[in-house]
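Please open the model in your viewer and keep the selection tool ready. Each stop below says what to select and what is there.

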Amino acid sequence: MKILLLADIHANWPALAAVRESFDVCLFAGDLVDYATDPLPCIEWVRKNALASVRGNHDHAVAQRVPVHGSNGLRLLTAATREFHWKVLGPSHNRFLAKLPVTKYLTLDGRRFLLVHGTPRDPLDEYLTADAEAWSARLAAVDVDFVCVGHTHIPFHLELDRLQVINPGSVGQPRDGDPRCSYAVIENGVVEIRRVEYDIDATLRQMQESGIDDAVIQVAEMMLRTGGILMEGPRDDAG
C-alpha cells in the first residue's frame with residue numbers, strides 16, 4: 001500500500017496541484033487555510049481525495065472566526081488572508097473545517113496510525129520539532145505504529161523504540177530553507193520525504209488578483225521564495 005501524507009497546504013493551490021504522486025490512500029494532517037488565497041480548490045481536493053483528515057489550528061481559527069492580534073510578519077499575513085477567507089468560504093466549507101476531528105486513529109494494511117496536527121497532548125497548538133526525547137515523552141501512552149503530524153512546516157522522520165513519527169513538512173509554505181513543497185510517502189511501511197517545485201509566481205499572482213495589500217504579498221513572497229528562512233514574528237502563529 002502506498003500512502004500519501006500531506007500537511008499545511010495553507011490555501012496554496014499551485015503548490016498542491018504540483019503534487020502529482022500516485023497513491024492508494026491519502027492522509028491529511030491539518031491546516032488547509034490562511035497564508036495564501038486559493039482555499040476552495042484545496043478544500044475540495046482534500047474532501048475528494050483524503051481518506052482521513054484532522055483539524056489544524058488555522059482550520060479551527062477560520063471556521064470559528066477567531067480574529068488575529070498583531071501586525072508583523074506572519075500575523076500580518078494571517079490577518080489579511082483570514083479576512084479574505086471569511087469572504088470566499090461558503091457555509092459548507094466552514095462546516096467541513098469545523099467538523100474535522102482533532103485526532104484520528106486508523107489502521108491501514110495492518111499498521112496502526114495516529115493522525116494529529118500538533119501533538120497528542122495539544123492537538124492544535126503544540127509546536128514540537130524533531131526532538132526524539134520530547135516525542136518519546138509525549139507518546140508514552142500511545143499504542144500505534146505511526147504518528148503523523150504537521151504544524152511546524154519542517155519535515156522530519158523519527159524512528160523511536162516503539163513507533164515512528166512523521167512530519168511531511170508543508171505543501172504550501174515550507175520553512176526548512178527549501179521552497180519546494182514537501183510531503184511524505186509511506187509505502188509498505190517505508191517512509192520517504194519528497195519535494196517538488198511549484199509555480200510560486202502563480203501563487204503570488206492569485207494573491208494580487210484577490211486584492212491583498214502589496215505589503216502583505218511582500219511578506220508572503222519572502223516566505224515562499226526563501227523556504228521560510230527569513231520568517232519573522234512569533235512562532236505561536238507559525239503553524
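The tour visits two sheets, then three pairs of helices.

**Before starting**

This is a predicted model, in which local features need pLDDT of at least 70, side-chain atom pairs count only at pLDDT 80 or more, and totals for chains, interfaces and linings use all residues. Residues are numbered from 1 along each chain as its sequence is written, and side-chain values use heavy atoms, with hydrogens and water left out. Helices (H or I, at least four residues) and strands (E, at least two) are DSSP runs, numbered from the N terminus.

**Stop 1: the sheet with β1**

Strands of a sheet pair through backbone hydrogen bonds, either parallel or antiparallel. In this tour, two strands pair if DSSP finds at least two bridges between them. Select the strands β3, β2, β1, β9 and β10; in that order they form an open sheet with mixed pairing. At its edges are β3 (50–53) and β10 (190–196), each of which pairs on one side only. On average, neighbouring strands here are turned by 25° against each other, direction ignored. Axes are lines fitted to C-alpha atoms, for helices over the stretch in contact, and angles run from 0 to 180 degrees between N-to-C directions.

Now select β1 (residues 2–6) and β2 (residues 25–28), which pair in the parallel sense over four bridges. Which residue of β2 is the bridge partner of leucine 6? The partner is phenylalanine 28. Add helix α2 (residues 39–49), which packs on this sheet and touches β1, β2 and β3. The direction of α2 makes about 110° with that of β3. Contact here means heavy atoms within 4.5 Å.

**Stop 2: α2 and α5**

Two packed helices are described by the angle between their axes and the distance between the axes. Keep α2 and add helix α5 (residues 91–99): their axes come within 11 Å and cross at roughly 55°. The two helices are therefore oblique to each other. Angles under 35 degrees count as roughly parallel, over 145 as roughly antiparallel, 65 to 115 as roughly perpendicular and the rest as oblique. The crossing of α2 and α5 is left-handed; that word applies if the near helix is turned anticlockwise from the far one by less than a right angle, and right-handed applies if clockwise.

To show the contact, select Leu40, Ile43, Glu44, Val46 and Arg47 of α2 with Ser92, His93, Phe96 and Leu97 of α5. These residues divide into five nonpolar, two polar and two charged. Ala, Val, Leu, Ile, Met, Phe, Trp, Tyr, Cys and Pro count as nonpolar, Asp, Glu, Lys and Arg as charged, and the others, Gly among them, as polar.

**Stop 3: the sheet with β5**

Next, select β4, β5, β6, β8 and β7, five strands that in this order form an open sheet with mixed pairing. β4 (103–108) and β7 (156–159) stand at the edges with a single partner strand each, so one side of each has no neighbour in the sheet. Neighbouring strands of this sheet are turned by 15° against each other on average, direction ignored.

Within the sheet, β5 (residues 111–116) and β6 (residues 146–148) pair in the parallel sense over three bridges. Leucine 114 has valine 147 of β6 as its bridge partner.

**Stop 4: α8 and its two partners**

Select helix α4 (residues 73–88) and α8; their axes come within 9 Å and cross at roughly 120°. That makes α4 oblique to α8, and the crossing is left-handed. The contact is made by Gly73, Leu74, Leu76, Leu77 and Ala80 of α4 and Ala215, Val216, Val219, Ala220 and Met223 of α8. It divides into nine nonpolar residues, one polar and no charged.

Finally, swap α4 for helix α7 (residues 200–209), whose axis comes within 11 Å of that of α8 (residues 214–226), crossing at roughly 165°. α7 is thus roughly antiparallel to α8, and this crossing is right-handed. Among the contact residues are Ile200 and Leu204 of α7 and Ile217 and Leu224 of α8. The contact of α7 with α8 divides into six nonpolar, two polar and three charged residues.
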